[in-house]
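Please prepare a short briefing on the protein shown below. Cover the overall fold, the cysteines and a few individual residues.

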Amino acid sequence: MNDQIKRYLDHLPGDFEPIVKQANKYYSADNKAGVRKDGAIQIFNRTWVAPENYGLLLFPPADNNLLDKFEKRNNLKTPKSYHDILGIMNGCFVYGFNLFGLPESLYSTGRLNRDFLCQFDLGSANKFWKFEYKINADLFHIGSRKYSPDENIGYFIDDQDKIISLLKTGKQIKSWPNFQDFLSDEISIAEDMMLDEIPKE
């Protein structure tokens with residue numbers, strides 16, 4: 001395994017074990033795994049989706065300066081649990097599962113760099129996207145996953161620091177008391193859906 005990728009994965013705490021497990025599982029199936037100029041780890045090149053599509057795209061940590069810019073720009077307070085997560089991994093894509101983060105170009109220049117795929121913006125999620133859901137406006141929107149061919153499920157942190165998954169109707173699908181159980185359950189579902197979509201030829 002690439003030394004830089006190995007160091008990145010080795011430094012992830014136990015809560016991120018479900019992501020580490022996926023990275024280790026699919027790394028050997030990919031001769032294009034590597035580290036982008038922005039430090040993002042890309043593993044499992046899925047050419048049947050698109051030439052530069054990767055099953056896992058893991059972003060490097062957000063520093064305190066970036067987190068401060070995010071909160072000031074959006075007039076938002078990040079729940080401590082997710083603030084800590086961003087300081088370890090600033091968003092990710094794992095098959096159809098994603099955690100929102102802070103695109104560095106957006107918070108340093110005011111414009112999103114579209115030269116490569118950035119993480120979905122946590123600010124846009126909490127100022128705009130979450131209002132597509134029939135939910136309590138106090139919920140903090142942290143991510144989403146493909147739920148069906150025509151619907152996504154949204155992930156939110158509530159005032160008890162639980163993670164909950166909701167449909168746009170407001171129907172709750174599940175809740176988790178901790179980040180590791182959440183990742184384990186949802187990434188397992190995302191992996192199964194991804195495997196079903198691999199062409200059979």
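**Briefing: cysteines, overall build and selected residues**

The sulfur of Cys118 lies 14 Å from the closest cysteine sulfur, that of Cys92, which is too far for a bond. The model is a predicted one, in which local features need pLDDT of at least 70, side-chain atom pairs count only at pLDDT 80 or more, and totals for chains, interfaces and linings use all residues. Residues are numbered from 1 along each chain as its sequence is written, and side-chain values use heavy atoms, with hydrogens and water left out.

**Cysteines**

- A disulfide is taken to be a pair of cysteine sulfur atoms within 2.5 Å, and by this rule the count is zero.
- Seen from Cys92, the closest cysteine sulfur is in Cys118, at 14 Å, and that is too far for a bond.
- Cys92 is buried, with 0% relative accessibility; buried means under 20% relative accessible area, exposed means over 50%, and partly exposed is in between (1.4 Å probe, protein chains only).
- Cys118 also counts as buried, at 11% relative accessibility.

**Overall build**

- The protein has seven helices and nine strands, where helices (H or I, at least four residues) and strands (E, at least two) are DSSP runs numbered from the N terminus.
- The radius of gyration is 16 Å, which agrees with the value near 17 Å for a compact globule of 201 residues; this radius is taken over C-alpha atoms, and the globule rule is 2.2 Å times the number of residues to the power 0.38.
- Along the principal axes, the C-alpha atoms fill a box of roughly 45 × 35 × 30 Å.
- Of the 201 residues, 47% are buried.
- Taking contacts between residues at least 6 apart in sequence, 50% join residues at least 24 apart; contact means heavy atoms within 4.5 Å.

**Surface and charge**

- The accessible surface is about 10700 Å², and carbon and sulfur atoms account for 48% of that area; the areas come from the Shrake-Rupley method with a 1.4 Å probe, and for residues only the protein chains shown count as cover.
- There are 25 positive and 29 negative side chains, and the centres of the two sets are 4 Å apart.
- In this count Lys and Arg are positive and Asp and Glu negative, while His and the chain ends are not counted; each charge is placed at NZ of Lys, CZ of Arg, CG of Asp or CD of Glu.

**Positive phi values**

- Most residues other than glycine have a negative phi.
- Phe44, which is not a glycine, has a positive phi of about 75 degrees.
- Phe44 sits in strand β2 (residues 41-45) and is buried, with a relative accessible area of 6%.
- Asn75 is also a residue other than glycine with a positive phi, near 50 degrees.
- Asn75 belongs to the loop between α3 (64-74) and α4 (80-86) and counts as exposed, at 71% relative accessibility.

**Asn98 and Glu197**

- Asn98 is part of strand β5 (residues 97-99) and is buried, with a relative accessible area of 6%.
- Beyond its neighbours within four places in sequence, Asn98 has contacts that include Cys92, Phe93, Phe120 and Tyr155.
- Glu197 is in helix α7 (residues 179-197) and counts as partly exposed, at 44% relative accessibility.
- With neighbours within four places in sequence set aside, Glu197 is in contact with Trp48 and Lys146.
- Glu197 and Trp48 are 149 residues apart in sequence, yet their C-alpha atoms are 9.4 Å apart in space.
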